[in-house]
Amino acid sequence: MKNTVKKFNTLETLRILLEHPKIMFNVIRLMDKDKVRYISESQLAQEILYYSAKLDNTEQQRLSLAFDTDNLLQSHILADKDVYQGTCRLTFQEGVLGLFRLCETSLYQELTDSKLKSRLASLWRLQERVNGAELSFVDNDPDYSEFVDDLMQQLSELLSVLKQNIDRMRLLGHDLETMSAASLNVNLTDGTTSNGLVFDNDNKEQMLSQITQLFERHIKPTQNFLNHTSHLAKGSNLFETLNSFKLAFKGNGKHSLSDQIMRYSMSFSNIFVPITNVAHQVDQFLRKTRNALLQSNAMEHFHQKLNRAYDETLARNLNKTKIDNKLVKEFSFINNFKRVAKLKDFRVGQSPSYFNNLFSELSLRLESLSATQPLENFNLTAVKNDTESKSLQRALAIFEQINTIKLRETDDLCAMLHYRLADDFSDYQLADLIGACQLMHSNQDEFALKTINKKAYLKHADEVYLYRRKKVVKKLASA
């Protein structure tokens, strides 16, 4: 007696498949990856075996019976089974695949230019029937009823796939943002991101190629398809075609159908805005990624050259201790830097105009600094809180003190004046030293002041200053 295996009906089989959707999700991904409409029986068995490894024995047996080839055929889940070159190929019903694609956004198929033109060509055939006066526009006419049903079915399916495509593209936009953020956090040592994903140049090029193909073959055709102003070589665009249907229904008194066509037209127009936003977002991503990839490749190219030139300096040849200057000629961006003017060093001049400007500024700063400083060493008469009088009297006191100093030959005039003024004035400021040096310059007949290139340090108010020494030498007697 022949043993028979219990089979499930279509409803029970679909219920089991939907209870474990990951199997069909993986099957659809494999078909999309290979760009085929079938899957081999061995691949399906591997997916079932891998998935059911975590299930109990009862559920494993139930799943095995549901995915049995004979059960899938008799429940009409499979459309066909054939053997090609020793491989058993299984073709699922498009309705079943569409059901599982509907459950997973990432499985939505992007619309290609050929698919969009095929759907538009179907609408053109219906448009020819309207323009050819073949329709009676009578509700009881079976041809007219079939025409209306066919038109509404095509428009609803087209609107549905376009909305699915928008959801898929929005998900793509989120993926692009994630990849952009990941590319900014790449570890330069191993080329991995903070999530542990490898993001080297090869993966960047592969990602760029995939997104470019998606943009050129799916996003742009959909954008052009939904554009009101697009012009086609062999027929009218989508909205012109819909307008012809609307006018035909309106002209024959079918106002409800005319309004319905107008609502479809408005729905298609609303889809154009988000698809344009996604197209702009992807285009910006591609531009930035291309530029970043070119810059990265250029830096890597020149970095390798520098490494090779540096390795030559580590060889046993003792005469080769520096990188050859000829290498710089290959770096065009460095050669351009030679044309940039170098910064000129600032030198203190000896012209009267320079000193006039300098000490005018210093006198103003001295006035502002010493305005609030009290006088302690000199009993000066002044109006109470008269800051200008105090400032003037202080300047006169410093001037008189400088005039009492008799010079002699010394190698460091600045140090001598600094310690003399610091002892005489408790409110001594370093700016006083600059003024004293200038007075010494202008009031000497027997001695000459020369600034030499030797430097010295001077400490004042817990700060150390570096300055060039001023040397005092006696003038030679004129003949």
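**Figure 1. Lys35, an exposed residue with positive phi.** With a relative accessible area of 70%, Lys35 is exposed, and we start our tour of this predicted model here. Lys35 sits in the loop between α2 and β1. Take a look at its backbone too: phi is near 55°, a positive value in a residue other than glycine.

**Figure 2. His76, another loop residue with positive phi.** Here the view moves to the loop between α5 (69-74) and β2, where His76 is found. Is His76 buried or exposed? Its relative accessible area is 54%, and because exposed means over 50%, His76 falls in the exposed class. Its phi is positive, about 65°, although His76 is not a glycine.

**Figure 3. The open three-stranded sheet.** Three strands make up this open sheet, in the order β1-β3-β2 and with antiparallel pairing. Why is one side of β1 and of β2 left without a neighbour in the sheet? Both β1 (39-40) and β2 (78-84) stand at the edges, and each has a single partner strand, so one side of each stays unpaired in the sheet. As a reminder for this view, strands of a sheet pair through backbone hydrogen bonds, either parallel or antiparallel. Between β1 and strand β3 (residues 87-92) the pairing is antiparallel, over two bridges. To find one of these partners, go to Ile39, whose bridge partner in β3 is Leu90.

**Figure 4. The hairpin of β2 and β3.** On the other flank of the view, β2 and β3 run antiparallel and are joined by six bridges. Val83 is a handy landmark, as it stands opposite Cys88 in β3. Two residues lie between the strands of this hairpin, and Gln85 takes a positive phi near 50° there.

**Figure 5. Leu90, a buried residue of strand β3.** Leu90 lies in strand β3. How buried is Leu90? Its relative accessible area is 0%, and because buried means under 20%, Leu90 counts as buried. Which residues does Leu90 touch, leaving out those up to four places away in sequence? They are Tyr38, Ile39, Glu41, Leu44, Thr69, Leu78, Asp80 and Lys81. Ile39 will be familiar from the sheet view, as the bridge partner of Leu90. Along the chain, Leu90 and Ser40 are 50 residues apart, yet their C-alpha atoms are separated by 5.9 Å.

**Figure 6. Helices α2 and α6 packed against each other.** Two packed helices are described by the angle between their axes and the distance between the axes. Helix α2 (residues 21-34) and helix α6 (residues 94-103) pack at an angle of about 105°, and their axes are 10 Å apart. That makes α2 and α6 roughly perpendicular to each other, because angles of 65 to 115 degrees count as such. From α2, the contact takes in Pro21, Met24, Phe25, Ile28, Met31 and Asp32. From α6, it takes in Leu97, Phe100, Arg101 and Cys103. By class, the residues of the contact of α2 with α6 are eight nonpolar, no polar and two charged.

**Figure 7. Two residues of helix α11.** Both Met262 and Phe268 belong to helix α11 (residues 255-313). Met262 counts as partly exposed, at 37% relative accessibility, whereas Phe268 is buried, with a relative accessible area of 0%. Beyond its neighbours within four places in sequence, Phe268 is in contact with Leu155, Leu158, Leu159, Leu162, Leu226, Leu238, Phe239 and Leu242. Phe239 also serves as a reference point for Met262: the two are 23 residues apart in sequence and 9.7 Å apart in space, C-alpha to C-alpha. For Phe268 and His228, the C-alpha to C-alpha distance is 10.0 Å, with their positions 40 residues apart in sequence.

**Figure 8. The hairpin of β4 and β5.** Strand β4 (residues 447-460) pairs with strand β5 (residues 463-474) in the antiparallel sense, over 11 bridges. Follow Tyr457 across, and you reach its bridge partner in β5, Leu466. This hairpin has two residues between the strands, and Ala461 takes a positive phi near 55° in it. To place the view in its wider setting, the secondary structure of the protein comes to 16 helices and five strands, and 34% of its 479 residues count as buried.

Note on methods
Residues numbered from 1 in each chain as written. Predicted model: local features only at pLDDT ≥ 70, side-chain atom pairs only at ≥ 80, totals over all residues. Heavy atoms only, no water. Pairing = 2+ DSSP bridges. Helix = DSSP H or I, 4+ residues; strand = E, 2+ residues; numbered from the N terminus. Buried < 20%, exposed > 50% of the residue type's maximum accessible area, 1.4 Å probe, protein only. Axes fitted to C-alpha atoms, helices over the stretch in contact; angles between N-to-C directions. Parallel < 35°, antiparallel > 145°, perpendicular 65-115°, else oblique. Contact = heavy atoms within 4.5 Å. Nonpolar A, V, L, I, M, F, W, Y, C, P; charged D, E, K, R; others polar.
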